[in-house]
Amino acid sequence: MTDQSNDAPHKVGGASRRDFLRTAGLAAGGAALGATGARANTPDPLITEVQPYASFTGEAVDATPYGMPIHFEEHVVRRNVEWLTADPISSINFTPIHALEGTITPQGCAFERHHSGAIEMSKQEYRLMINGLVDRPLVFTFADLMRLPRESRVAFCECAANSGMEWGGAQLNGAQFTHGMIHNMEYIGVPLRVLLEEAGVQPEGKWIFVEGHDASSNGRSIPLEKAMDDCLVAFYANGEALRMEHGYPVRLIVPGWEGNMWVKWLRRIGVYDQAVEAREETSKYTDLLADGTARKWTWEMDAKSVVTSPSPQAPASHGPGPMVITGLAWSGRGKITRVDVSMDGGVNWVEARIAGDAQSMALTRFYVDHVWDGKPMLLQSRAVDETGYVQPTKDQLRAVRGLQSVYHNNGIQTWHVNENGEAENVEVS
């Protein structure tokens, strides 16, 4: 394996992006971007003629009291895979990561995972109990929580089964379906440690057990150390109240750890001297190894990345020339420090440009400004986090965990992009 330096202008077929744009601009009679812009000497009626939308007044300011996306973007929606689960009540859908930009996921596009369906509960009905090994058992109303000191943080929530269908090989054709069990939002709420300190955790207390108000309750054990560190009892996301499917009015935020621990409709926090080992943390969310044994307490989500464009649902339909390769990277261990991108299935790599300042345990956007020669590509990305952890290949994962696992697949993903810019999910391990 060889690495290419990203210090010099990126070259494909001996021509740099700068050279290509200069040549293309001259060929277009001075058009600023040549092949990427309309030629100035070709009249375009969409700019030279008055269009209907400029011939009459538009919608009034109160036409939609709560703003919705324009209908031209109606394809940007969550989608499910019907055969994945027996019933949509206990199921999951997928964030359209191929159609989004930046890093913040709109709530209306953020994936859902329910164990017994989303429930409708008002703020007035809401209650949160803290009991067990505490000095003062407490019950909080929503109004009580709103009076306490609050913090905000951006964090990704990833289902432990994200990419799980890909363990045995390429299965689903689209970044939305291979990697879309993830969202990244700004959460506002009360630090969990504030509530636990108010209750007074006794010296014997080493674990908490959290449950929801829904029928499944989805009870999960969490070490007290994590609970006192960075967990939030959240009631806002992206500046507004949580959506019903995301736990309105209150959910737990457990940064960097698998999404099943982010209990929605948070009802009770019990403090105990050991883990409860409830159904949802024994029958599920353990990693089955090749010899039939299972790894327990694999909460942390390892470094991972995926190219979102070009990808199967976001083809490069513009043809050869300037191209932006982009994607997302994340790690439950901390910040993403580097993302490499390969166009030949992992033989050569270039360092991607990270957009903005990478945040700990949050999605990071990366870009490669590329000049495509129109030849087929095998697109891959690999993430490196601040601990030095490098995203592995699928074969490296399989060598340790075999093929029976469902959870925690953070292997490198490959898209084959053909000469028409169409992409498909392929296996290059």
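1. In this predicted model, Pro-310 is placed in the loop that runs between strand E18 (304-309) and strand E19 (321-330). The peptide bond leading into that residue, from Ser-309 to Pro-310, is cis, with omega near 0°, and Ser-309 is itself the residue at which the range given for E18 ends.

2. The strands on either side of that loop belong to an open sheet of 4 strands, ordered E18-E19-E23-E22 and paired in the antiparallel sense. E18 and strand E22 (353-354) each have a single partner strand and stand at the edges, so one side of each is left without a neighbour in the sheet.

3. Within this sheet, E19 is joined to strand E23 (residues 364-372) by antiparallel pairing over 9 bridges. For anyone wishing to check the register, Leu-328 stands opposite Arg-365 in E23. Leu-328 also appears among the members of a separate nonpolar core of 29 residues, which includes Met-343, Ala-352 and Ala-423 as well.

4. A second cis peptide bond deserves mention, namely the one from Tyr-248 to Pro-249, for which omega is near 10°. Pro-249 is found in the loop between strand E13 (240-241) and strand E14 (251-253).

5. The UniProt record, an unreviewed entry, carries the annotation "domain: Oxidoreductase molybdopterin-binding" over residues 120-276. In the model, that span is 14% helix and 36% strand, and its end C-alpha atoms lie 28 Å apart.

6. Another open sheet is built from 5 strands in the order E7-E6-E15-E10-E11, and here the pairing is mixed. Its edges are strand E7 (138-141) and strand E11 (220-223), each of which has a single partner strand, so one side of each is left without a neighbour in the sheet. From one strand to the next, the twist averages 20°.

7. At one end of that strand order, strand E6 (residues 127-132) pairs with E7 in the antiparallel sense over 4 bridges. A convenient reference pair for this register is Met-129, which stands opposite Val-139 in E7.

8. The largest nonpolar core comprises 57 residues, and Ile-208 and Leu-266 are the members with the most contacts inside it. Strand E12 (residues 232-237) supplies the largest share of this core, with 5 residues. Leaving aside residues up to four places away in sequence, Ile-208 touches Leu-192, Leu-196, Arg-220, Ser-221, Ile-222, Leu-224, Ala-227, Ile-269, Gly-270 and Val-271. Several of these contacts can be placed on the sheet of the previous points: Arg-220, Ser-221 and Ile-222 fall in the range of E11 (220-223), while Ile-269, Gly-270 and Val-271 fall in that of strand E15 (266-272).

9. Two residues other than glycine call for a look at their backbone angles. Ser-163 has a positive phi of about 70° although it is not a glycine, and its position is in the loop between strand E8 (151-158) and helix H4 (175-179). With a relative accessible area of 4%, Ser-163 is buried.

10. Tyr-285 is the other such case, with a positive phi near 60°, and it lies in the loop between strand E15 (266-272) and strand E16 (287-288). Its relative accessibility is 5%, so Tyr-285 counts as buried, given that the cut-off for that class is under 20%.

How values were computed: Residues numbered from 1 in each chain as written. Predicted model: local features only at pLDDT ≥ 70, side-chain atom pairs only at ≥ 80, totals over all residues. Heavy atoms only, no water. Pairing = 2+ DSSP bridges. Axes fitted to C-alpha atoms, helices over the stretch in contact; angles between N-to-C directions. Core = buried A, V, L, I, M, F, W, Y, C linked by side-chain atoms within 4.5 Å. Buried < 20%, exposed > 50% of the residue type's maximum accessible area, 1.4 Å probe, protein only. Contact = heavy atoms within 4.5 Å. UniProt positions renumbered as here; feature names shortened; annotations may be inferred.
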